[in-house]
Amino acid sequence: MAQYQSFPDAAGDSRTLEKLKALNLPPLNGRTFLDVGCNEGFFCGYAHFDGASRSVGLDRSRGFIARARCRFPQCEFAERSWDQLPDGPFDVILLASALHYADDQPALVRALMSRLSPDGLLVLEMGIISSPEAKWVKVKRGIDERFFPSMPMVKELLRGYAWKWIGPSIAQDGDPVPRHVIHVARQRPTAYLLMQPPAYGKTTIAEGLFRRADIPVVSGDDVIQRVVKGMRAAPEELRALLEADYSPFRLDETIRKVFAAGKGRSLVQLWIEEAGPADFAVDAYVPSEWHDLVRSGLTDAGYMPVSLYWERAGTSMQSAEAITERADAYYASLADSASQGFDGMPSTYSGGARGFVDEVDMAADRLRVRGWAVDEDGKVPRYLSVRINGQTRMVDVFEHLLRHDVQKHLGLDHALCGYSFTIPLDPAASVGGLGAIEVRAGNDTERMGPALPIAGSLAKRLAGGRR
Ligand SMILES: C[S@@+](CC[C@H](N)C(=O)[O-])C[C@H]1O[C@@H](n2cnc3c(N)ncnc32)[C@H](O)[C@@H]1O
């Protein structure tokens, strides 16, 4: 029997050590390895040497298998055809210089791929003829005639798998077909991740790119809303988090809360269930500190995550806090203008100066008064005065309150006619009954208007003095 593989004690036709280097095998430590057409077991021995947890060789030649068992008793060898492959799964499968012996080469590749573990790798070392066409070419060699594929045919052969041309292998005497090494793995479905902040254009990109390419898009917002509405199942803890303080306008806060509570993977699982085991895109804001967690969840579930990042174009959005702060500041500035009158602004109001005292609250050291007042033009008067215990005090700084009821009632063109002020009282001084209180409004401290009427229910209550 001819010597094919080369060992230190036996030189064969093949330069086996160089072939081993060209194969570019992944680290085999702790992994399972199968060599199909293993010959005398050189590569099985290497797998064992590299720490493989199991190293199996298969060859139909009784003589080669007998020698392999002798050389590598730590490995398992089976004298049988590749028509009966062991079940596996195997982390790494090698088919070197043997595919051309198969009667149905595509069928053998498919059978080998089916024996791989989910992340397994098929290492193919094979002859490839030079042709731009996809075809099988019968090649006369020194020993026989065999069919070899062109590169375009290899592409067809491996369609549907993830594969990479690794490089040329060693040349073999008497074999005119150049050898190549190709690594083949199962293709994972791709999960395209659009996780940028709100208003970055995620949905526009999802629609324009993925929907157009018939790649399903999972909308994170939509999934959450359906869970909250009871239209979609979700683990109880996740559902409770999504439902608590739910608002369709604050979904970014909800998502942040879910991830902070350690339930991010549970949310990712919902996306996966929506998508199924095929390529899909996710349109869902996720705070950047959780992006790695999303990716690892998808990787563990068998997907290949691909994250998309881009700069936001146009005017940037403000945070909800910043918007609230600016709006309040603006409104306060309106209040200031109102207190100074709106010069030149026509008013529909023509009812004369009016006002009311709605609430009086006196403690030992302070007096608080609330009500509303407008001048002859329907504007907020500049001053208020309060007379208590025979003394009048001017109030030139007071809070302006919205009184839509008064606006409606008087037909004003604004609602900012309420007032509220607090003045300190001398706790030592004796203060008479509250019934003596008078509040006036006016734009000139020398000519304040008449005492504002006191609301009926309050007037009765005021008779008793300090409360
Ligand atoms: C050219 S040798 C390559 C050996 C080894 N893979 C290497 O690259 O060093 C081809 C090997 O495939 C084996 N073989 C051919 N047809 C086979 C089949 N149908 N089932 C299993 N082994 C087969 C042969 O016995 C031989 O050992």
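In the predicted model, helix 2 (residues 42-49) lies across three strands, namely strand 1 (32-36), strand 2 (54-59) and strand 4 (90-96). The direction of helix 2 is at about 175° to that of strand 2. A further helix, helix 4 (residues 105-114), also packs on the sheet. Helix 4 touches strand 1, strand 4, strand 5 (116-127), strand 8 and strand 9, and its direction makes about 150° with that of strand 5.

The sheet itself is open and consists of seven strands in the order 3-2-1-4-5-9-8. The pairing within the sheet is mixed. Strand 3 (76-79) and strand 8 (161-168) form the edges, each pairing on one side only. From one strand to the next, the twist averages 15°. At one of the edges, strand 8 pairs with strand 9 (residues 179-186) in the antiparallel sense, over seven bridges. Within this arrangement, K164 stands opposite H183 of strand 9.

The ligand has 17 residues around it, of which G37, N39, S61, A96 and S97 come nearest. By type, the residues of this shell comprise seven nonpolar, eight polar and two charged.

Over its whole length, the protein chain contains 14 helices and 20 strands. The C-alpha trace spans about 130 × 45 × 40 Å along its principal axes. The radius of gyration of the protein chain is 42 Å, whereas a compact globule of 467 residues would have a value near 23 Å. Of the 467 residues, 31% are buried. Among contacts in the protein chain with a separation of 6 or more, 60% are between residues 24 or more positions apart.

Key: Residues are numbered from 1 along each chain as its sequence is written. This is a predicted model: local features need pLDDT of at least 70, side-chain atom pairs count only at pLDDT 80 or more; totals for chains, interfaces and linings use all residues. A residue is near a molecule or strand if its C-beta atom, placed from the backbone, lies within 6 Å of it. Ala, Val, Leu, Ile, Met, Phe, Trp, Tyr, Cys and Pro count as nonpolar, Asp, Glu, Lys and Arg as charged, and the others, Gly among them, as polar. Two strands pair if DSSP finds at least two bridges between them. Helices (H or I, at least four residues) and strands (E, at least two) are DSSP runs, numbered from the N terminus. Axes are lines fitted to C-alpha atoms, for helices over the stretch in contact, and angles run from 0 to 180 degrees between N-to-C directions. Two residues are in contact if their C-beta atoms, placed from the backbone, lie within 7 Å. The radius of gyration is taken over C-alpha atoms; the globule rule is 2.2 Å times the number of residues to the power 0.38. A residue is buried if 20 or more other C-beta atoms lie within 10 Å of its own, exposed if 12 or fewer, and partly exposed in between; C-beta atoms are placed from the backbone.
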